[in-house]
Amino acid sequence: MPSTFLGLSTAHSGLSTYQIATNTVANNISNVQTEGYSKQVTNRVASAALRVNAKYGTLGTGVETESITQVRDVYYDNKYWTNNASVGLYDTLYEYAVQIEDYLADDESTTGFSTILSTMFNNLETLATNSSDDSVRNQFISSAQSMATYFNSTATSLQDLQEDLNTQVKSAVDEINAIAKKIAVLNDQINTIEIQGGTANELRDQRALLIDELSEIVPTEASETLVKNSNNEDYYTGATIYTVKINGQTLVSGNEYDTLKCVAREEKVNQTDADGLYEIEWESTGNTFHAESSTGSGKLKGLLLLRDGNNGEYFQSTITGVSTTGTKAVVSVTADSAISVSELTLPESGVITVNNVDYVYDSFTAYYNDEGELETFAFTLAEGTDTTAIESATRLTVGDDVDYMGIPYYQAQLTEFLRNFCAEFNKMEMYQIDDTGEIAYDSDGNAECNYYLNEDGDPVAMGCFWVANSTTDTTQIDLGEKTTSFSSVSTDTSQSYYALTALSVAVSDESLEDPNRFATTDDPLNGVADYSVVTTLATLKDEVVMYRGCAASDFLQCLISDSSVDTEEASIFSSNYTDMANTISNQRLSISGVDEDEEALDLVKFQNAYNLSSKMISTLSEMYERLILETGV
C-alpha cells in the first residue's frame, strides 16, 4: 500500500528534476559564446513504479534526472577533423607561396630580374659604341654587379625563408607535444569523474577543442573504447580508453602519450640548404615521423613541403662498385639520369642512402664527358664506415622525393640559370667565338683567347668576368680554371661551375677595380674601338638557348609560371577547404551548438513544469491539512 504522503514525494521529484533542467538551461545560455562548448541536456526517466496491493498493480512515483550529457555527433567531428588538416595544409602553402612570388616580382614598385637584365644589356650596347670610355665600361660593369647582387639577395631571402619555415616546424612539433600532454591529462580526469557515475561534459569539450587544434597541424583520428570488467564483459566500469592517432600512428592512448622531437641535420641535403634543418623523430623509438608523406596533410606537411620541396628531383643512381682510397671507402655509381653541371645540387659533403640506411660522405667526384654529360660519380665515405651492406646493394640515393616546388627547387633553378648564363658569357668573353657560336681553335688545336692590353701595352689573356665567391674565405674562384676547392673534380673544365650558385655569384674583383680588363675585341691590335666581342655577348639576351629551352630574357617568366601555378592551386584549394570547413562547422553547431531561441523555449517549458509541480505540492499540502486536522488521521 502506498504511503499517505506519496503524492507529496512524487510532486517533489518533479520540482527537483525541473530545477536541474532549468539550471542546465542557465549553463547553456551562459556558455552560448564559449568556444568549443557543446550544448548540455538533462536526460529524464520515470522513477521506478511502486507495487501496490490493488487492481491496477503499480503506482508511478514521479520523475528523476538520469544524467546530464553533451550533445555531439561523432560523424561531424570526424569530418571536421579530416577537412581541417587540408585547411591547414593549403593555408600554409598559400601564405608562403605568395612570399616566394614577391621575391620574383618585377613591376612598377619592384625592380626585378627582367629590369636589371635589360639595363645590363642596354649598357652593353652602349659599350659597343663607346668602348674606349671608362665611364661607359664602369656603367656596364656596375649593372652586371647589380645582377649578381639581385641573385645573391633573392637566394639569401629564400634561405632566410627556409630558416623561418624550419623554426615553424619546431613550433608545430612543440605544439603537438603540448596538446598530447593535455589530452592525456584530460583523459585521466574524465575517467576519474565518470568511473564514479558522473559525466565530465566540460572536460570532454576541452578535449574535443584540443583535437580541433591538433587536426589543423597533422591528420588526426580519435576513438573511444569502453573499458569492460575483465570478469564480466557485460559490465561497463565507467572508464574509457581515448586514443588519438596522427598520420596513422598513436600519439595518445588513455593517460599515456608519446612525443616528437626535432633533430638538426648534421649534413645538408641540398648544396644551398640552410644549416641545421630539422628532421622529426618519435621520442620513444627514434623512428622518423614522415609528416610530408603523400597520404598526409596538415600545416606541418605544408611547412616541410615548402622547406624541402625539390619537385621530385633528387639524386638516384646504380652502384657499380666499392673500393678503397687510403683509409676511406669510395662508392662508385652511375646516375640514372644525365645531370649536367648546371643541375648539380649535391652538397659537398652529405648523406647517401642505401637500403634505407644513411652513410655520411666527406666528398664526391663527378666525371663528365666532353659534352658535359655526367658519366660516373664517386662518393668518398667518412673514415671508418662499414661498407658490407653497400657491397651487396644496387641502389643509392641522396635526398628524398618531395614532389613540391619548395625552396630547394627555386634555389636550384636560380643556380642552373646562372651557371649556364655565366658559362656562356665567360666563354664568349675569354675565347674567340666562331660563326657557329663555338670556341675557335688555331691550326695547332689551341683555343684562341681574347686579350686586353695591360699597363705596359702588352696583350694579356682575358680571365673570367663572372666568378664565385668562396664559401670558406674572402677569395674568389676563377671559373675559367679547373679547381678542386669544392671537393668535386671533373675531366671537364666547366665542372668548376659547381662552385657557382645564386648565393655565391659575383663579378670578378679585377674587373671591378680595372674596367679596361674587360675585353671588347678579339684582337687588341684592332684598337679599343673594336667591339666584336660585345656584339657576340649581346646575343646572350634573346638568341642563345640556355635554360629550359629559353634565352636569358625568358628566365623570369619561367620561374613566375612555376610560382603562379603553385600559388593559384594553393589559393583555390585553401578557399574550397575553408568553405567546406565552414559548412561542416555549421552542421556541427546545428547539433551541438547552443541555440538561444531553443533555450528560451526550454526555459518556458521547464518553468511551467516547475510551477505545476509547485502547485501540486501546494494542493497536496491543503489536502493533507484537511485530512489531518479535520478527520483526525
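Visitor: Are Asp 273 and Arg 265 buried or exposed?
Guide: Asp 273 is buried, and Arg 265 is buried too. Keep in mind that we're looking at a predicted model.

Visitor: What makes Asp 273 and Arg 265 a salt bridge?
Guide: Their closest N and O atoms are 3.9 Å apart. The rule asks for a side-chain nitrogen of Lys or Arg within 4 Å of a carboxyl oxygen of Asp or Glu, so the pair counts. By this rule the count comes to 20 salt bridges.

Visitor: How do you know that Arg 72 forms a salt bridge with Asp 205?
Guide: Same kind of check: the closest N and O atoms are 3.6 Å apart, and the cut-off is 4 Å, so the pair passes. This one links distant parts of the chain, with the two positions 133 residues apart in numbering. Arg 72 sits in the loop between β4 and α2, while Asp 205 belongs to helix α5.

Visitor: Why is Asp 205 called buried?
Guide: Its relative accessible area is 5%. Buried means under 20%, so Asp 205 fits.

Visitor: And why is Arg 72 called partly exposed?
Guide: Arg 72 comes in at 25%. Partly exposed runs between 20% and 50%, so that's where Arg 72 lands.

Visitor: What about Asp 174 and Lys 170, what makes them a salt bridge?
Guide: Here the N to O distance is 3.1 Å. With a cut-off of 4 Å, they therefore qualify. Both lie in helix α4, four residues apart, about one turn of the helix. In an α-helix there are 3.6 residues a turn, so residues three or four places apart point the same way.

Visitor: Why is Asp 174 called partly exposed, and Lys 170 as well?
Guide: Asp 174 has 37% relative accessibility, and Lys 170 has 29%. Both values fall between 20% and 50%, so both get that label.

Visitor: What makes helix α6 largely enclosed by the rest of the structure?
Guide: Nine of its 10 residues are buried, so the helix is largely enclosed. Among the buried ones are Leu 300, Gly 302 and Arg 307. The cover over them includes α2, α4, α5, β10 and α8.

Visitor: Which residues make the nonpolar surface patch of about 310 Å²?
Guide: Phe 5, Ile 628 and Leu 629 make it. Ile 628 is found in helix α12.

Visitor: Why does Ile 628 count as partly exposed?
Guide: Its relative accessibility is 39%. That's between 20% and 50%, so the label is partly exposed.

Notes. Residues are numbered from 1 along each chain as its sequence is written. This is a predicted model: local features need pLDDT of at least 70, side-chain atom pairs count only at pLDDT 80 or more; totals for chains, interfaces and linings use all residues. Side-chain values use heavy atoms; hydrogens and water are left out. Patches are made of residues with over 30% relative accessible area and no salt bridge: like charges are joined within 9 Å, nonpolar side chains (Val, Leu, Ile, Met, Phe, Trp, Tyr) within 5 Å. Accessible areas come from the Shrake-Rupley method with a 1.4 Å probe; for residues, only the protein chains shown count as cover. Buried means under 20% relative accessible area, exposed over 50%, partly exposed in between (1.4 Å probe, protein chains only). Contact means heavy atoms within 4.5 Å.
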